[in-house]
Amino acid sequence: GITQQQQVAFMYKGADRDPGLQDVIITAKNDQFDQMASVEVGVLDKPVIEIANLTFPKEVGYQDLFTVSFALAKPSTSHPKHVKLLVEANSVQKEFTIDELRADQPFTVQFRGDQLGSGSNTIKVKAMYQGEKSDHFKVEQTETVTLANLTAWQKVKSFFGTIGNVIVSWI
């Protein structure tokens, strides 16, 4: 007889199964042939990204450079795809893209104190990504950093700088 061996990938659209290796009964049938076989298949979980170890100074000065550090953790077996990462401090946004997140990945992003407004400012880390079936997911973490100890002139510059940042983010 003729023997063929082939590797195939398929999307299972039946009942949900637990992630991991599963035994599935496959039937091949036509008018001359009827065969059943047990096949071991790997069932993927939904892709998950977590924002881990977010660190930054809680208070900065106007002339300070400060660092926002974190990791994109991947606790899932499946790999998140088409990851768009946004790190934002008071409307100043830095963007990164990752085709496929295969392992945890650390990030370090720098901002300047003069990019913040006087007082409390929001630091936001947001990751948007897709799964194998092009389904969309999002994870976000928000914290606060304070711009402190400003001179009168720095307060004025900070006020107008903040307005400029907002206008630029609208464009």
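Modeller: A polar contact is a pair of N or O atoms within 3.5 Å, where one atom must be able to donate a hydrogen and the other to accept it. The structure discussed here is a predicted model.

Colleague: Which residue has its backbone nitrogen 2.8 Å from a polar atom of the side chain of Q115?

Modeller: Q115 is found in the loop between strand 8 (105-112) and strand 9 (119-130). A polar atom of the Q115 side chain lies 2.8 Å from a backbone nitrogen, and the cut-off for a polar contact is 3.5 Å. That backbone nitrogen belongs to R112.

Colleague: Is Q115 buried or exposed?

Modeller: The relative accessible area of Q115 is 13%. Buried means under 20%. Q115 therefore counts as buried.

Colleague: How far apart in sequence are the parts that K81 and E100 tie together?

Modeller: K81 and E100 form a salt bridge, with their closest N and O atoms 2.5 Å apart. K81 belongs to strand 6 (residues 81-89) and E100 to strand 7 (residues 92-100), so the parts that this pair ties together are separated in sequence by 19 residues.
The pairing fits a general point: side chains of opposite charge can pair when their charged atoms come close. For K81 and E100, the separation in sequence is 19 residues.

Colleague: Where does E132 lie?

Modeller: K81 also meets E132 in a salt bridge, at 3.3 Å from N to O. K81 is in strand 6 and E132 is not in that strand, so the pair ties together parts that are 51 residues apart in sequence. E132 lies in the loop between strand 9 and strand 10 (136-147).

Colleague: Which residues are joined into one network by salt bridges that share partners?

Modeller: R102 forms a salt bridge with E100, the closest N and O atoms being 3.0 Å apart. R102 is exposed at 54% relative accessible area, whereas E100 is partly exposed at 28%. Salt bridges with shared partners make one network of K81, E100, R102 and E132.

Colleague: Which strands stand at the edges of the sheet?

Modeller: Five strands form an open sheet of mixed pairing, in the order 4-10-9-6-7. An edge strand here has a single partner strand, so one of its sides is left without a neighbour in the sheet. The edges are strand 4 (59-60) and strand 7.

Colleague: Which residue in strand 10 stands opposite E59?

Modeller: Strand 4 pairs with strand 10 in the parallel sense, over two bridges. Opposite E59, in strand 10, stands T146.

Technical notes: Residues are numbered from 1 along each chain as its sequence is written. This is a predicted model: local features need pLDDT of at least 70, side-chain atom pairs count only at pLDDT 80 or more; totals for chains, interfaces and linings use all residues. Side-chain values use heavy atoms; hydrogens and water are left out. Helices (H or I, at least four residues) and strands (E, at least two) are DSSP runs, numbered from the N terminus. Buried means under 20% relative accessible area, exposed over 50%, partly exposed in between (1.4 Å probe, protein chains only). A salt bridge is a side-chain nitrogen of Lys or Arg within 4 Å of a carboxyl oxygen of Asp or Glu. Two strands pair if DSSP finds at least two bridges between them.
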